[in-house]
Amino acid sequence: MLQNKWKTAKKGLIALLAVMTIISAAGCGKKADSDTGAAAGSGAAATNKDAAEVLVTYKDGGKVTRGEFDTFLNTNLLFYKEYAQYKEDPAFQQDMMKQLVTFKVLSARADDKAKTAADEKTKTQMDQIKAFMGMQEGGMDKQLKDASITEKDLETFVSRSMQAIEAMESKVTDDQVKAEYDKNIAADKNVYDVATVRHILVGTTDAATGKETRSKEDALKRAKEVQDKLKNGGDFDALAKEYSDDPGSKDNGGKYENVEISQWVPEFKKAAAELPLNQISDPVETSYGYHVMKVEARKTKTFDEVKEDLRSQLAETQIYDFVDKELPTMIETNTLPKPEEKAPAASPAPSSSPAPEAPKAETPSK
């Protein structure tokens, strides 16, 4: 089904709002001429006589024009080129429209404090985006021209999304954040643990093909060989290069520094949380094979260190609630083509902050 191939707008929106890193700063709506959202006009959309056509209206006089929507789509395609094949699909367009209206409504609710904070973050994000795009073929000017958008379009989107983030985060109270922290600790005492770990992975399967590379018996025998060499004074860096099947760490002495251990598969996480510091472990079995580990440092993040991340997570929940519950009641007219069938449940969303993986491809991940 189509919905299983491209990423749904609601989850995509959360990813964009939550992280707003270089890659995820994708898409923008036209800067409004007024609070009603008339398109300012730029690029291809501005020269089209149909750019002023109103596609959607919503409560409190809000509207989205053809030019505004086209610019929003074009900017998404600049960063998510895989969307191009679905640009004309009604289901995709409807989800993108939901995303755009959500940006507009939530950003309009930002108070002066939220707008001031958003302005500072917008400048930082724009600097990062310019640096990133400057490294692409033809530089930023060519990238924008090919997408039929302008730098102002990008800035409008970043500013609008930052205002939306700040507006929602401002509604999260300190008591809610502390309650979330306590709840998470109660559910998993190691949830906020961070560790520096060296490991040598003796794998049993090829990460690319999934084919078995050695039997579990052979892998365990080889892992014990590595363990013996390390306990007898072997150099971790040299042995990692020789034995490790983890391409993400083998050339760095098998080291992952200051990693949140909750990212890792349960067996590796448990070892990272419980092993005595600076001792060579027995082989630890995971779905990747056998790991010989040494935990060099470990600490638990304090409430003060994680509270802003928790605030953002709680704000995400509020955004989900808005998209699910309030947004449908706000739409008054919608002339975009309707999908022929109801889309299935949401599939995983795009994100420059993807679902955490084990330090790299073949290290322990969720």
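These legends describe close-up views of a predicted model.

**View 1. Three strands form an open antiparallel sheet in the order 2-1-7.**
Strand 2 and strand 7 (331-334) stand at the edges. Each has a single partner strand, so one side of each is left without a neighbour in the sheet. From one strand to the next, the twist averages 15°. Four bridges join strand 1 to strand 2 (residues 62-65). Three bridges join strand 1 to strand 7. Both pairs run antiparallel.

**View 2. Two helices pack on the 2-1-7 sheet.**
Which strands does helix 3 touch? Helix 3 (residues 66-79) touches strand 1 and strand 2. Its direction makes about 65° with that of strand 2. Helix 12 (303-330) touches strand 1 and strand 7. The direction of helix 12 makes about 65° with that of strand 7.

**View 3. T57 lies in strand 1 (residues 54-58) and has partners in strand 2 and strand 7.**
In strand 2, K63 stands opposite T57. In strand 7, the bridge partner of T57 is T333. The side chains of T57 and T333 also make a polar contact, at 2.5 Å. Leaving out residues up to four places away in sequence, T57 touches G62, K63, M330, I331, E332 and T333.

**View 4. Strand 1 and strand 2 form a hairpin with three residues between the strands.**
Which residue takes a positive phi in this hairpin? D60 does, with a value near 70°. The two strands of the hairpin run antiparallel and are joined by four bridges.

**View 5. Four strands form an open antiparallel sheet in the order 4-3-6-5.**
Strand 4 (255-260) and strand 5 (284-286) are the edge strands. Each pairs on one side only. Neighbouring strands of this sheet are turned by 45° against each other on average, direction ignored. Strand 5 pairs with strand 6 (residues 289-300) over three bridges, in the antiparallel sense. V284 stands opposite H291 in strand 6.

**View 6. Helix 10 and helix 11 lie across strands of the 4-3-6-5 sheet.**
Helix 10 lies across strand 3 (193-203) and strand 6. It runs at about 45° to strand 3. Helix 11 (residues 266-274) lies across strand 3, strand 5 and strand 6. Helix 11 runs at about 45° to strand 6.

**View 7. Helix 9 (residues 216-231) and helix 10 (residues 236-243) come within 10 Å, axis to axis.**
Why do helix 9 and helix 10 count as roughly antiparallel? Their axes cross at roughly 165°. Angles over 145 degrees count as roughly antiparallel, and helix 9 and helix 10 are therefore roughly antiparallel to each other. The crossing of helix 9 and helix 10 is right-handed. From helix 9, the contact involves R222, E225, V226, K229 and L230. From helix 10, F236, L239, E242 and Y243 take part. The contact residues divide into five nonpolar, no polar and four charged.

**View 8. K301 lies in the loop between strand 6 and helix 12.**
Which side chain does the side chain of K301 meet in a polar contact? That of E260, at 2.7 Å. Leaving aside neighbours within four places in sequence, K301 is in contact with Y181, Y192, V194, E260 and V306. Among these contacts, V194 lies in strand 3, E260 in strand 4 and V306 in helix 12.

How values were computed. Residues numbered from 1 in each chain as written. Predicted model: local features only at pLDDT ≥ 70, side-chain atom pairs only at ≥ 80, totals over all residues. Heavy atoms only, no water. Polar contact = N/O pair within 3.5 Å; in protein donor to acceptor, adjacent residues only side chain to side chain. Contact = heavy atoms within 4.5 Å. Axes fitted to C-alpha atoms, helices over the stretch in contact; angles between N-to-C directions. Parallel < 35°, antiparallel > 145°, perpendicular 65-115°, else oblique. Left-handed = near helix turned anticlockwise from the far one by under 90°. Nonpolar A, V, L, I, M, F, W, Y, C, P; charged D, E, K, R; others polar. Pairing = 2+ DSSP bridges.
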